[in-house]
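Visitor: I'd like a close look at one part of this protein, and I'd rather have one helix done properly than a quick tour of everything. Could you pick a helix beside the ligand and walk me through it and its surroundings?

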Amino acid sequence: MLKKNIFTLLAMITGGILLSSCGNDKNSTGWEFMPDMYRGPALEAYQPNSFFSDSLASRKPVAGTIARGFMSYEKFDNTTEGYELAKANMKAPASIVMNEMELEEAAKLYGIFCGHCHGTKGDGQGILMTREKFLGVPSYAERELTEGSIFHVITYGKGNMGSHAAQLSPEERWKVGHHVLKLRRELTGEVEEAQAEEVVEETSETENQTYYRIPSPDEMFGFIKESGLAFNGELLNDIANSDSYTDPKMQALNFGVYSADLAYTAAYKEFNETNY
Ligand code: HEC
């Protein structure tokens, strides 16, 4: 009897605690039994943190980490060798796709950052050159350029041309480089090629918007028959095989195979071939 009372009492106390921890306030979390689980200790950037042996709260990125949107060009450093290496090997990442909008943006960026020296056409006759404020800007046609060499030159500068790394993100440098190569082609008379490339770009864009309907099995075999191929009963799946399709997946596959067989025989009007 006493034992039973103690249990009832315990149950009432526990129930009381559980209920009172909820409360009426919907915005309150109620009692928190392990607050650490709810609230992580927030640390300021340069606050000491005893958790790490060097007691720094700010952690360094793992060795070899490359920030999003940046690429490592350690190999392509600011030296003549780095320039030559970049010229021969450095390629724009696949994420740089030059559609109409990007081409427009590239031309705009070129106008802002390069045109006053190199000229809108890239002939080296920018306004600073024609007014003789600046000298020695070459026409792009005089130089051998690759997308890698242009990226290197924009990043580090060359001779009297300063680095434009602070003005243009790596992505923008690739885009501007694309524009420079286009100007160069126009200067050297490789325009047709340039135009051809643009046409290719246009068609690939329309291709993206063209959808083709996959022919049904009947249509498919219709085409095969029209092409003059003779009917070959041996291609059909033997009805005796039907027992080997045991699980639902295989049965579904089997259904597909027999449907195709039916369409094939129907196309050739060889109905006696299907023992269905
Ligand atoms: C202040 C004038 C000036 C500006 C602005 C400028 N350049 Fe140049 N650029 C030069 C000069 C001068 C050279 C010749 C450097 C040399 O080879 O000594 C040059 C050379 C180049 C070359 C040829 C380098 C080679 O490999 O031979 C390229 C490509 C080039 N610039 C691209 C650009 C692009 C792209 C921009 C804009 C982001 C730009 N430049 C902005 C003055 C300028």
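Guide: Here is a walk along one helix, then out to its partner, the ligand and a few spots elsewhere.

Keep in mind that this is a predicted model. For orientation, the protein has 11 helices and 0 strands, so the order of elements from the N terminus is simply α-α-α-α-α-α-α-α-α-α-α. Of the 276 residues in the protein, 12% are buried.

The helix to look at is α8, which covers residues 170–188. It has 19 residues, and from its first C-alpha to its last it reaches 27 Å, close to the 27 Å expected at 1.5 Å a residue. Just after α8 comes G189, and its phi is positive, near 90°.

Now for burial along α8. The buried residues here are R173, W174, K175, V176, G177, H179, V180, K182, L183 and R184. A handy thing to remember while reading such a list is that an α-helix has 3.6 residues a turn, so residues three or four places apart point the same way. In α8, the buried set includes R173 and K175 as well as V176 and L183.

Next, the partner. Helices α7 and α8 pack with their axes 9 Å apart, at an angle of about 120°. That angle makes α7 oblique to α8, and the crossing of the two is right-handed. A good place to see the pair come together is G148, which sits in α7. The C-alpha of G148 is 8.5 Å from that of W174, although the two residues are 26 apart along the chain. W174 is one of the buried residues of α8. G148 counts as buried too, because 22 other C-beta atoms lie within 10 Å and the cut-off is 20 or more.

Both helices also meet the ligand. Its shell takes at least two residues from each of α5 (115–118), α7 (147–156) and α8, and the largest share, 4 residues, comes from α7. In total 21 residues surround the ligand, and the closest are C114, C117, G159, N160 and M161. Sorted by class, the shell holds 13 nonpolar, 6 polar and 2 charged residues.

Since G189 has brought up backbone angles, let's stay with phi for a moment. Most residues other than glycine have a negative phi. Two spots go the other way. S55 is not a glycine, yet its phi is positive, about 55°; you'll find S55 in the loop between α2 (35–38) and α3 (80–89). E132 is another residue other than glycine with a positive phi, near 55°, and its place is the loop between α6 (127–130) and α7. S55 is exposed, with 10 other C-beta atoms within 10 Å. E132 is exposed as well, with 7 C-beta neighbours inside 10 Å.

One last stop, on α11 (residues 248–268), is Y258. The C-alpha atoms of Y258 and I239 are 8.8 Å apart, with their positions 19 residues apart along the chain. Y258 is partly exposed, because 18 other C-beta atoms lie within 10 Å, and that count falls short of the 20 needed for a buried residue.

So, back to the helix you asked for: α8 packs against α7 at about 120°, and both of them supply residues to the shell around the ligand.

Technical notes:
Residues are numbered from 1 along each chain as its sequence is written. This is a predicted model: local features need pLDDT of at least 70, side-chain atom pairs count only at pLDDT 80 or more; totals for chains, interfaces and linings use all residues. The expected span of a helix is 1.5 Å times one less than its number of residues. A residue is near a molecule or strand if its C-beta atom, placed from the backbone, lies within 6 Å of it. Ala, Val, Leu, Ile, Met, Phe, Trp, Tyr, Cys and Pro count as nonpolar, Asp, Glu, Lys and Arg as charged, and the others, Gly among them, as polar. Axes are lines fitted to C-alpha atoms, for helices over the stretch in contact, and angles run from 0 to 180 degrees between N-to-C directions. Angles under 35 degrees count as roughly parallel, over 145 as roughly antiparallel, 65 to 115 as roughly perpendicular and the rest as oblique. A crossing is left-handed if the near helix is turned anticlockwise from the far one by less than a right angle, and right-handed if clockwise.
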